[in-house]
Amino acid sequence: MSYTGVWSVGAVPDAEVAALPRRFAHLDETWTVPDGCADDLRWWLGGGDREPYFTPGPTPAAHRFAAFARGGGPTAPAVAAMKEAATGLLRRAEDEGSDPDGLFAVAVREGEPATALHHGLGAEASAQLPGWFGDFLLTADEVRAVLPGAESVLGVAGPRRTEVLSRVDAWVYAMTGAPEGEFDSAALLAGPLRVLRYAAAHGRGVVAVAATY
């Protein structure tokens with residue numbers, strides 16, 4: 001069955017983000033971890049991100065990373081509830097006509113945009129981004145704390161930028177249903193960074209949600 005992967009990042013009131021953990025603290029904190037998650041994480045951080053992914057078709061390494069990123073990390077009922085609430089905050093920001101600089105969304109058919117970005121950056125650079133493959137909640141103070149790291153990996157120029165965009169393109173056109181040449185890889189770097197900069201300048205929190213529909 002066909003699906004569309006969407007990654008949304010938005011600046012929202014700081015108080016709303018700070019209140020989310022308290023709203024769901026009463027929920028059961030039984031954590032679940034996908035089978036093989038720890039092994040996959042060690043593999044990716046230990047050099048798996050630099051294995052051949054396309055020769056030219058997707059290799060087992062590419063499929064392993066796709067399944068790892070899609071499967072998600074450790075989770076609990078409170079985490080799932082906060083993700084749903086974060087989606088609501090993003091929708092409200094859009095409905096209320098928030099400043100366009102404070103919102104970013106990208107969609108791709110039969111793929112996950114945030115996974116493409118993380119492949120493009122590689123494991124070491126991706127570690128400068130918050131959350132888990134596109135999902136995160138940041139208070140205003142946390143936005144200011146993570147912004148320098150995000151600037152260092154998303155605001156790249158020269159040969160490094162060319163490399164990252166080439167890796168994003170390779171992922172998108174081999175691992176998703178995007179027609180060749182129609183995905184804006186540069187926006188995948190610029191959009192989230194723009195939102196983080198906006199939030200830092202205006203004292204707002206940031207929520208990001210990776211979802212499929």
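**Exercise 1. Find which parts of the chain the salt bridge between Glu112 and Arg70 ties together.**

Solution. In this predicted model, start with the contact: the side chains of Glu112 and Arg70 form a salt bridge, at 3.6 Å from N to O. Next, place the partners. Glu112 sits in the loop between S2 and H5, while Arg70 belongs to helix H3, so the bridge ties together parts 42 residues apart in sequence. Finally, look at accessibility: Glu112 has 15% relative accessibility and counts as buried, since the cut-off for buried is under 20%.

**Exercise 2. Work out how Arg144 and Asp141 are placed along helix H7.**

Solution. Begin with the pair itself, a salt bridge of 2.5 Å from N to O between the two side chains of Arg144 and Asp141. Now count along the helix: in H7 (residues 140-154), Arg144 and Asp141 are 3 residues apart, about one helical turn. It helps to recall that an α-helix has 3.6 residues a turn, so residues three or four places apart point the same way. To finish, compare with the cut-offs: Asp141, at 55%, is exposed, and Arg144, at 41%, is partly exposed.

**Exercise 3. Describe helix H9, then show where it is linked to helix H7.**

Solution. Take the length to begin with. H9 (residues 185-202) holds 18 residues and reaches 27 Å from its first C-alpha to its last, close to the 26 Å expected at 1.5 Å a residue. Then check both ends. At the N-terminal end, Asp184 acts as a cap, with a side-chain oxygen 3.3 Å from the backbone nitrogen of Ala186; just after the helix, Gly203 has a positive phi of about 65 degrees. The buried residues of H9 include Leu188, Leu189, Leu193, Val195 and Leu196.

For the link, turn to Arg197 and Glu151, whose side chains meet in a salt bridge (2.6 Å, N to O). Arg197 lies in H9 and Glu151 in H7, so this pair ties together parts 46 residues apart in sequence. Arg197 is partly exposed at 41%, and Glu151 is partly exposed at 28%.

**Exercise 4. Which backbone features stand out at Pro56, Glu110 and Phe133?**

Solution. Keep the usual pattern in mind: most residues other than glycine have a negative phi, and most peptide bonds are trans. Against that, the bond from Thr55 to Pro56 is cis, in the loop between H2 and H3. Glu110 has a positive phi of about 55 degrees and is partly exposed at 31%. Phe133 also has a positive phi, near 45 degrees, but is buried at 8%.

Notes: Residues numbered from 1 in each chain as written. Predicted model: local features only at pLDDT ≥ 70, side-chain atom pairs only at ≥ 80, totals over all residues. Heavy atoms only, no water. Helix = DSSP H or I, 4+ residues; strand = E, 2+ residues; numbered from the N terminus. Buried < 20%, exposed > 50% of the residue type's maximum accessible area, 1.4 Å probe, protein only. Expected span 1.5 Å × (residues − 1). Polar contact = N/O pair within 3.5 Å; in protein donor to acceptor, adjacent residues only side chain to side chain. Salt bridge = Lys/Arg side-chain N within 4 Å of Asp/Glu carboxyl O.
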